[in-house]
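Student: I'd like a close look at a single part of this model, mainly the charged pairs and what sits around them. Could you walk me through it in one go?

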Amino acid sequence: MLTLIRNVRLYDPLPLGRRDILVCGERIAAVAPDLRVEAPDLEVLDAGGAVAVPGLLDQHVHIIGGGGENGLLSRIEPLPVAECVAAGITTVVGLLGTDSVTRGVPALVAYTKAMNEAGLTAFCLTGAYAFPSPTITGSVEKDIVYIQEVIGVKIAISDHRSSYITMDEILRLASQARVGGLVSNKAGITHFHVGREKKGLQDLIRIAETTDFPISHLKPTHVGNRKEDAFRFAALGGSIDFTAGRDPEETASQVAAALEAVPAERITVSSDANGSLPVWDENRKLVGIRKAEISALPETLRALVGKKKLPLERVLPLFTSNVAEGLKLFPRKGCLRRGADADLVLMDPSLKPQAVFARGKRLL
């Protein structure tokens, strides 16, 4: 099927001005001004000058729901695909959280497959907060090699709910993920939940400073918890991921500060969507709980442009191409150019999604 989308203001994610986009099947066939196409069954859509951006990538999503931390009734339900689409998110990476007992890797992989069937592009991470990492095959490396959707592993550090993994254990785990990625031509990343404890990112910084392990395979998230450590890690060449789920405007302030401190290509933003957001007092006693919303991701993008007055082209890569690069998906994902997947979002002047295409299919 051919679809010609006329008259968009294209961001690739850099601004390219007025363009037309020709979609053939799941891919972008051409991007140029005033495309002339004659073909049977050609669908032509006039975007009326709408902003066209790559579909957003969200690399931290609790797609089967967070485990909850106030008993089994506090477990969160699976994330509806429609919520991703409404937020302009076309690629997600699912993962587990604190609860890897009632929520396991097999269920995570199954729902990842379901999201792909629904039209999105979905991947997932083996592992969870706990160490040794829960897996399907009994090995992190084998999960990455043999399970199509698995592209890396998750672990928690500097958190009172973690397994207090040592630096040597981090290196062994990250090496397994990296080798699995090399064998299967995947990202092979280790994705670190970073809590609020004093140690922060010190183990990752030590690895970067004292070993030859490639820093590109170490991916800390929730770095707003430890901003000074995060900036130091980025200065060493690492990428840092901010979390939009709690407060998009606060996250926008953190990201704006990071853009002044470290190279923009080393910054990404994710939502933590559908994860439980416990509130703890000074004695680590649970005093409240809610869930993170996937809508926080585009809300953070809008806050960066609308409240922080940053140009769209400066911040859009943090939600698109930077993420795709880190997940070894670029230029298939994260851009709007010939040969890329036809994942694109048409936005109104306030940057709210008005139409969403995922792998060439219009979902919104």
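**Salt bridges and their surroundings**

Tutor: Let's start with one pair: Arg 161 and Asp 159 join their side chains in a salt bridge, at 2.8 Å from N to O. Keep in mind that this is a predicted model. The two partners sit in unlike settings: Asp 159 is buried, at 3% relative accessibility, while Arg 161 is partly exposed, at 21%. Side chains of opposite charge can pair when their charged atoms come close. In total, the structure holds 15 salt bridges.

Now go to helix H5, where Arg 206 and Asp 203 are 3 residues apart, so about one helical turn separates them. Their side chains also meet in a salt bridge, here at 3.8 Å from N to O. Asp 203 is buried, with 6% relative accessibility, and Arg 206 is partly exposed, with 43%.

Another H5 residue reaches out to a second helix. Glu 209 makes a salt bridge with Arg 232, at 2.9 Å from N to O. Glu 209 belongs to H5 and Arg 232 to helix H6 (residues 227-235), so this pair ties together parts 23 residues apart in sequence. Both ends are partly exposed: Glu 209 has a relative accessible area of 44%, and Arg 232 has 38%.

Some charged side chains form a bigger group. Arg 27, Arg 332, Lys 333, Asp 341 and Asp 343 are linked in a network of salt bridges.

Next, step back from H5 along the chain. The loop between strand E9 (189-194) and helix H5 (202-210) holds Arg 196. Arg 196 is exposed, at 57% relative accessible area, and together with Lys 227, Arg 246 and Arg 290 it gathers in a patch of positive charge on the surface.

Strand E9, on the other side of that loop, is another story. 6 of its 6 residues are buried, so E9 is largely enclosed by the rest of the structure. In a regular strand the side chains alternate between the two faces of the sheet. For E9, both faces are covered: Ile 189, His 191 and His 193 are buried on one side, and Thr 190, Phe 192 and Val 194 on the other. E9 also runs parallel to strand E8 (residues 150-157), joined to it by 6 bridges, and Val 194 in E9 stands opposite Ile 157.

Terms used
Residues numbered from 1 in each chain as written. Predicted model: local features only at pLDDT ≥ 70, side-chain atom pairs only at ≥ 80, totals over all residues. Heavy atoms only, no water. Patch = residues over 30% accessible without salt bridge, like charges linked within 9 Å, V, L, I, M, F, W, Y side chains within 5 Å. Areas by Shrake-Rupley, 256 points an atom, 1.4 Å probe, with all protein chains shown as cover. Salt bridge = Lys/Arg side-chain N within 4 Å of Asp/Glu carboxyl O. Lys, Arg positive; Asp, Glu negative; His and termini not counted. Charge placed at Lys NZ, Arg CZ, Asp CG, Glu CD. Helix = DSSP H or I, 4+ residues; strand = E, 2+ residues; numbered from the N terminus. Buried < 20%, exposed > 50% of the residue type's maximum accessible area, 1.4 Å probe, protein only. Pairing = 2+ DSSP bridges.
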